[in-house]
Amino acid sequence: MGPTRIIDQYLLYCEEMCSDFEPLGKSSLFTILDACKASTRKSLQGINYFAAEAGEAFDGIRKMIEDKVALHNDSARLIENLKRARFYLKSDYKVHVARSSNIADHCCVYALSDPEKRDFAQDCDHEHNESCAECSNLTRTLNEIERLLEETEEDEELLHRTLKKFRSYREAIEAWKAHLLRSINQDLCRENLLDKLSNDEIYLNLDWAMKFLPIKSREPQSEFFGKRGISWHITVVMKNDASAEDENSIFDEDTDVLDDSQQIIEHEMTDLSGENNDDNGVIDKKKKHSFKYKVFVH
Ligand SMILES: [Zn+2]
Ligand SMILES: [Zn+2]
């Protein structure tokens, strides 16, 4: 929203709510808005700290080059490329990552192999001789921004500080990209386990879900852990749908889990599964596997 509209709305609000209140003059209000910009923010609590820090890093870098727009005509293009790179990491990158890929940036095995310890490394059976336009865009844009900062800052002390800040932002962005790859790898592993799940096995996924009480609009997990409030733990029980006759006996055992959890008095447990019929079955499209699942919140 533009400052003129904000001020008009504010004046209208003052008039409606308390007509005897005399608001500041328009020019003072413009000065205030100029010094502390109004912005709309969504509340993002408990998002993992990789995403929170990378989000701040992208904003921070954009701010660094926005200040240079007048000095350098590349700034606008760099801001645009930075936006594109951020959008790519949020969207298509997750689809591009695979267990094996000719693009080094997308290859899980290559990315997760320890470069020094052979025990933690695996060789790829392919070359990494292709490149991804979007991954290159991120690297190239960050390199170009670093160069631009070096070229436009004359004071040595200031340049030193600016570069230090820039490099910490860059690390945060790269850490987020690495985190995305690790989480995709974990998902692939889960899919793999479910593919091999036999009829007399169940798959349990235990996870800490969230706590209440927001403090900040963008709150990383590091600040979230020590928070008071109610913890939610979620357990998902999955079984292959083929063994319909065993179904009841297996899910009856889950009541044991229920009883244990109730010992923690403040934690409420709800069985969210309701009617656990075929409609709720998760179907793996590739293998046409069908699973029954129950979700427990405790
Ligand atoms: Zn590879
Ligand atoms: Zn890519």
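## Two zinc sites and a helix pair

Along the sequence, the donor residues of the zinc ion (ligand 2) follow the spacing Y-x17-H-x25-C-x2-C. They are Tyr88 (OH), His106 (NE2), Cys132 (SG) and Cys135 (SG), at 2.0 to 2.3 Å from the ion; donors here are N, O and S atoms within 2.8 Å of the metal (3.2 Å for Na, K and Ca), with water not among the atoms. Histidine 106 sits in the loop between α5 and α6 and cysteine 135 in helix α7, so this pair links parts of the chain 29 residues apart. The 4 donor atoms subtend angles of 100 to 116°, which makes the arrangement tetrahedral (for four donors, all angles between 85 and 135 degrees).

This is a predicted model, where local features need pLDDT of at least 70 and side-chain atom pairs count only at pLDDT 80 or more, while totals for chains, interfaces and linings use all residues. Residues are numbered from 1 along each chain, chains are lettered from A and ligands numbered from 1 as written, and side-chain values use heavy atoms, without hydrogens and water.

Now for the zinc ion (ligand 1): Cys107 (SG), Cys124 (SG), His126 (NE2) and His128 (NE2) coordinate it at 2.1 to 2.3 Å. Its 4 donor atoms subtend angles of 105 to 115°, so this arrangement is tetrahedral too. The spacing reads C-x16-C-x1-H-x1-H.

Elsewhere, helix α3 (residues 49-66) packs against helix α8 (residues 156-195) at about 140°, axes 8 Å apart. Helices are DSSP runs (H or I, at least four residues), and axes are lines fitted to C-alpha atoms over the stretch in contact, with angles from 0 to 180 degrees between N-to-C directions. Among the residues making the contact (heavy atoms within 4.5 Å) are Phe50 and Met64 of α3, and Tyr169 and Trp176 of α8.

As for confidence, the protein averages a pLDDT of 78, on the predictor's per-residue scale from 0 to 100. Over residues 243-287 the pLDDT is below 50.

Technical notes: Helix = DSSP H or I, 4+ residues; strand = E, 2+ residues; numbered from the N terminus. Tetrahedral: all angles 85-135°; square planar, octahedral: opposite > 155°, others 65-115°.
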